[in-house]
Amino acid sequence: MAMKDLSTGPDWIVWVVFVILVAISAILLSGHGANLIAGYNTAPKEKKEKYDEKKLGRVIGTGLLAIAILFPFAVLGQTLLPAWVAYAFLGFIIIDSIVMIILANTICKK
């Protein structure tokens, strides 16, 4: 069974998500856009002062970029890659998200 057998939607949706993730990653990696980070944008000012905003943006931007890089491989390799690769991609996204949360709460604090 190939990854194509698991796909049920159109491919253009994946490309749109890819472009959005790359754009958000670029904004965060440039040191701007901390308001795009869920939880940080709604935190009170006292909590925001405990975090280094640029480091937080770099950590989240790098994590999102790593996830975004997987999307073209998933679309382009649908017919070639076995189905278990989709589950490996999902596992990578979960692990990457956990690592982003841990790094945001450790190295990004002042």
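These are my notebook entries on one chain, taken from a predicted model.

**Overall layout**

I began with the whole chain and counted four helices and zero strands, so that, read along the sequence, the pattern is α-α-α-α. I then looked up the extent of the chain, and its C-alpha atoms fill a box of roughly 50 × 25 × 20 Å along the principal axes. Of the 110 residues, 29% count as buried, and the accessible surface comes to about 7,100 Å², with 71% of that surface belonging to carbon and sulfur atoms. I also checked how contacts are spread along the sequence, and among those between residues at least 6 apart, 78% join residues at least 24 apart.

**Helix 4**

Next I turned to helix 4, which runs over residues 84-104, and I noted that its 21 residues reach 30 Å from the first C-alpha to the last, close to the 30 Å expected at 1.5 Å a residue. Which residues of helix 4 are buried? I listed Val85, Phe89, Asp96, Met100 and Ala104. Looking down the axis of helix 4, I found that these buried residues fall within an arc of 80°, and therefore they line one face of the helix. I recorded helix 3 (53-76) as part of what covers the buried residues of helix 4. On the face turned away from the buried side, helix 4 carries the exposed residues Trp84, Tyr87, Ile95 and Ile101.

**Isoleucine 37**

I then looked for isoleucine 37 and placed it in the loop between helix 1 and helix 2 (45-48). Is isoleucine 37 buried or exposed? Its relative accessibility is 9%, and because the cut-off for buried is under 20%, I entered isoleucine 37 as buried. Leaving out residues up to four places away in sequence, I found that isoleucine 37 touches Leu28, Leu56, Gly57 and Ile60. I also took the separation between the C-alpha atoms of isoleucine 37 and isoleucine 24, which is 9.8 Å, the two residues being 13 apart along the chain.

**Isoleucine 20 and its patch**

My last entry concerns isoleucine 20, which has its place in helix 1 (residues 11-29). Isoleucine 20 has a relative accessible area of 46%, so I entered this residue as partly exposed, since that class lies between 20% and 50%. I noted further that isoleucine 20 belongs to a nonpolar patch on the surface together with Trp12, Ile13, Val16 and Val17, and that the patch has about 450 Å² of accessible area in total.

Technical notes:
Residues numbered from 1 in each chain as written. Predicted model: local features only at pLDDT ≥ 70, side-chain atom pairs only at ≥ 80, totals over all residues. Heavy atoms only, no water. Patch = residues over 30% accessible without salt bridge, like charges linked within 9 Å, V, L, I, M, F, W, Y side chains within 5 Å. Areas by Shrake-Rupley, 256 points an atom, 1.4 Å probe, with all protein chains shown as cover. Salt bridge = Lys/Arg side-chain N within 4 Å of Asp/Glu carboxyl O. Helix = DSSP H or I, 4+ residues; strand = E, 2+ residues; numbered from the N terminus. Buried < 20%, exposed > 50% of the residue type's maximum accessible area, 1.4 Å probe, protein only. Expected span 1.5 Å × (residues − 1). Arc of directions from axis to C-beta. Contact = heavy atoms within 4.5 Å.
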